[in-house]
Every structure is written in C-alpha cells, then in structure tokens.
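This briefing addresses two topics: a protein–DNA surface and the packing of a pair of helices. The sequence and structure are shown first.

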There are 2 protein chains.
Amino acid sequence: MQLPQPIPRATTSDAVATRVRHLIITAALAPGERINEVRLSVHLGVSRTPLREALNRLAAEGALTSVTNHGYFVRPLTLDEFEQVYAIRPLLDPEALRLAGLPAARRLTRLKALNRKLADTTTADDAIAADDAWHLELLADCPNRVLVELIEGLMQRTRRYELALMRETRQVLRATDDHDQVHKALADGDLERACAALEHNLQSGRAPIVDWLTARQTKTEG
Amino acid sequence: MQLPQPIPRATTSDAVATRVRHLIITAALAPGERINEVRLSVHLGVSRTPLREALNRLAAEGALTSVTNHGYFVRPLTLDEFEQVYAIRPLLDPEALRLAGLPAARRLTRLKALNRKLADTTTADDAIAADDAWHLELLADCPNRVLVELIEGLMQRTRRYELALMRETRQVLRATDDHDQVHKALADGDLERACAALEHNLQSGRAPIVDWLTARQTKTEG
DNA sequence: CATCTTGTAACTGTATACAGTATGCAGCTG
DNA sequence: CAGCTGCATACTGTATACAGTTACAAGATG
C-alpha cells in the first residue's frame, strides 16, 4: 500500500510556527526585536525545542534572521527587501495563470464571489486574507504546484508590509477593481489580457508602501 | 559601533545541514529513503537536536519531506517535480540578468574563465559546481538579492536530478556552448539577446533528464 | 488456515539539563 | 574621571532524558 498523499503535520512545532508567524505579521513581535526563547516559550506554554524548530522555519521563510550565539531577530521592514520581494511576483503569477489556462465558469463565479467578499472586508487582516484567497483561487488550476508554493511564500513575505501600512496609515489597499479587470479578460477568453491585468494588479500595491517606507526611513534617519 | 553585516553561523546545525545536503545530493541517502535520526546522528557524531534542526531546514528547501510521527524522507526524484522546478528558472534568471545589466569587462573575463573551467571538469560534481558558479557570477551585479537567493534555492533543488542523470547514464551535460552564446551577446552589448540565450541555456538541460526520468518511471511501474 | 489481538521494540516529538558564549556592571588603574 | 579588567548573569547551542505513537510479530480465536 502506498503512503497517503496528505501530510498531516499536527505537531506542536507547527502550531507554534503558525502562532509566531502571526505574532510577527501583526507586529506583536516588532520588527528588529530580538526574540528571547525562554520568555517566548513560557508565554506559548511549550518548551524551547518546538519553539526553536518553528523559529528555524520562520527564518527560512525570511521573517526572521538568526545570528550565532545571539539568537533570532524579527526582520526589520526595509524598503530594499520590500522592493525586491514585491518585484518577483509579477514574474511568476502571470506565468502561473498562463499555465492554469482559462478558468471554468464555476471557478470564475467563485473568483467573483471572493472579490465581493474582499470588497466587504472591514479590517486589514481580512482584506489581505481575502486578497490572497482570490489570487490562490485564480491559480488553483495551475499544474505547477512548486510555482504556486513559491508564490505563497512571497505572499507571506509581503503580508507584513501591507499590514503595517494599513495599520499605521489607516490607508486601505483595495484591489477589487484590478481583479475585475482580470475577470473581464477571462470572461472574454483573452488569457493574455488577463495576465497583463494581473501583472498590473501585482504592481499597483507597490507605490503606497514605497512612499510610506521612504517617509519612515528618512524620518528615523533624522 | 554597528553590528557587522556578515552572519557567521558557525554552528553544528549548519555543518550538519551541509553534510546531510551533500549526502542527499550524492544519493548516499537514497531518494525515498526514510531517515533514522538516531543512526544518522551517531554516524555524524552529533546529538539529535542539531540534526533535527538541519533536517528541518532541508525540508524547507524541498530536499526532504516530513510526516508526523514517521519522520523525514528523502524526496524521491519524480518527473513532475523536476519539470515544475526546472520551469521556474527561465522565468527568473533572464529578469535577474536584465536587472544586473551589461557586465563590466572584468566580469566578462571572469565568466569566460569560469566557462573554460567548466569545460575542463572531469567529474559530474565539478561540472555542476562550475556551472552554478558561472550562473551566479553572471548575476553577481543583480541588485535584487532576494531574486538571486530564490535562484540559488532552485539550483540546489535541481542539482540532485542532474547529478543522478550523469551518474546513472554516464552522460555529461555540457553547457559551455550555451554560455558562450551569452558571452557573445554581452560583448556585443545586446542584453536582450543575452537574456534569450540564457533562457535557452536554462531549458536545454531539460530534455535528457526528462527522457531518463520517464524511462526510469515506466521501468519501475512494470 | 486466515484473521484479529495484544504486547513489545523502535522511533519520533517534546521537555529538561548542561555547556559555552556574550553582555553588563562593579571595581580597579592610570 | 576615563578606560580597562574581571566577574556575575543571562541567553543560546547542544546533549540527554522522557513520553507518546507506530510498526511488527507472536499468539489467540474463529
């Protein structure tokens, strides 16, 4: 008998990773902050071992950096990293959509529903979750799962920036119109136009965050 | 005084990760094999803790998979994964080269030297190392380091396949001619032609490995 | 004889204990 | 008083111990 495909992974490490990831994304663990393993492990009610495994993974994801004998630090939000990470998805997502091909009617319906949900969100958290859900639904038929996983990783890496912007400036990033452009192109059966619209969408969030980061950076410099 | 940029990381975990990565790449740990943590830790002369941290990282890199209460398995070589991973670099590398721009004369000289070195290699190991070195030198000026790191990760992920092919079929993948095409385009100051040549190079290694994998797959099925 | 049961061994996941290294302060020295 | 030195403390990195789960096999049962 073959091993089952699904990988359960219901271990404490995973739960801890999820929780700590959330702490980082929501800035409960502030950018630049040094992580005290003992304190955090006590706070989470687990021992240091699973915590360290989680921290390790988060470091691999790019949310933390680690320095020998100094421990883990929450990666600060920098303009450089943001621009670099943000520049990559426009290379990947359109290709993934191309590979996925035109969606079935059923999927297009779902996409529109998700977009309405996005329009109705009230909190930054929900907005970003809905946006990510829309993008993943769009690529659900993409046969290159490695590519999609890569995209998911990049999503998580930019999430902190988007959340921080929305939290600190009370600005809201709404991509519903962009998404509608993609819907229209897909409904017309024009995959290339959809890809172009998607690429535009993936770049449209950039400017406000860059502005905010540069403002913040020059402020902290002075 | 500011902390120094370089992150030393001279810990046992890292050493172990490197060693285990090598064991996997060279198939000393065979594809599909289950990893016995106790045995391996004894073999490496360390305790289970740093070994597990290393295994965790390798799982994040995609060389291992982990199943709860069953442990880590060396990821088998599959046609699907190979095709998916291999399809990504042609999306990333040309863009990275575009961002890097035309290389200075000095760098072009180095690239040619590395390519000669590649031509002179005798073992599969050396060939792949030299090839990777050439590609990284080509992107040395790329300001998007995140992009380059992504590319490095993909390199490591395909390395196993290339090595396995060379080992099992005694076939040698030589990309020196492809690289020369890139050199010529760069010397002509034609960045786009260089990108096109690079993209071709990144796809030219695909066919032999696909052939070998399909042959192997149908063989093991029967 | 096939099938289920049960007990044991092996292994992973987690907690704890220990060792080595950095940090910060008190006291000394010039 | 500035700067260095040495010690105490805190924290990370590693090893070991313990707990829970799975796999396997011998024996019981129809």
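A polar contact is a pair of N or O atoms within 3.5 Å. In this predicted model, a polar side-chain atom of B:T49 lies 2.8 Å from a base nitrogen of DNA strand D. The points below describe the surroundings of that strand and then a helix pair in chain B.

**Polar contacts with the phosphates of DNA strand D**
- The side chain of A:N36 places an N or O atom 2.9 Å from a phosphate oxygen of DNA strand D.
- For B:S47, the distance from a polar side-chain atom to a phosphate oxygen of the strand is 2.7 Å.

**Surface near DNA strand D**
- Two or more residues each are given by helix 2 (37-44) and helix 3 (48-61) of chain A, and by helix 1 (12-25) and helix 3 (48-61) of chain B.
- Helix 3 of chain B supplies the largest share, three residues.
- There are 23 residues around the strand, of which A:R52, B:T11, B:T12, B:S47 and B:H70 come nearest.
- This surface has 12 polar, six charged and five nonpolar residues.
- Sugar or phosphate accounts for 70% of the strand's atoms within 4 Å of the protein, and bases for the rest.

**Helix pair in chain B**
- Helix 9 (residues 176-187) and helix 10 (residues 191-204) of chain B have axes that come within 8 Å and cross at roughly 170 degrees.
- Angles over 145 degrees count as roughly antiparallel, so helix 9 of chain B is roughly antiparallel to helix 10 of chain B.
- Residues making the contact include B:V182, B:A185 and B:L186 of helix 9 and B:L191, B:A194 and B:L198 of helix 10.
- By class, this contact has seven nonpolar, five polar and three charged residues.

Technical notes:
Residues are numbered from 1 along each chain as its sequence is written. Chains are lettered from A and ligands numbered from 1 in the order in which they are written. This is a predicted model: local features need pLDDT of at least 70, side-chain atom pairs count only at pLDDT 80 or more; totals for chains, interfaces and linings use all residues. Side-chain values use heavy atoms; hydrogens and water are left out. Axes are lines fitted to C-alpha atoms, for helices over the stretch in contact, and angles run from 0 to 180 degrees between N-to-C directions. Helices (H or I, at least four residues) and strands (E, at least two) are DSSP runs, numbered from the N terminus. Angles under 35 degrees count as roughly parallel, over 145 as roughly antiparallel, 65 to 115 as roughly perpendicular and the rest as oblique. Contact means heavy atoms within 4.5 Å. Ala, Val, Leu, Ile, Met, Phe, Trp, Tyr, Cys and Pro count as nonpolar, Asp, Glu, Lys and Arg as charged, and the others, Gly among them, as polar. A residue is near a molecule or strand if one of its heavy atoms lies within 4 Å of it. A polar contact is a pair of N or O atoms within 3.5 Å; within protein, one must be able to donate a hydrogen and the other to accept it, and residues adjacent in sequence count only if both atoms are side-chain atoms.
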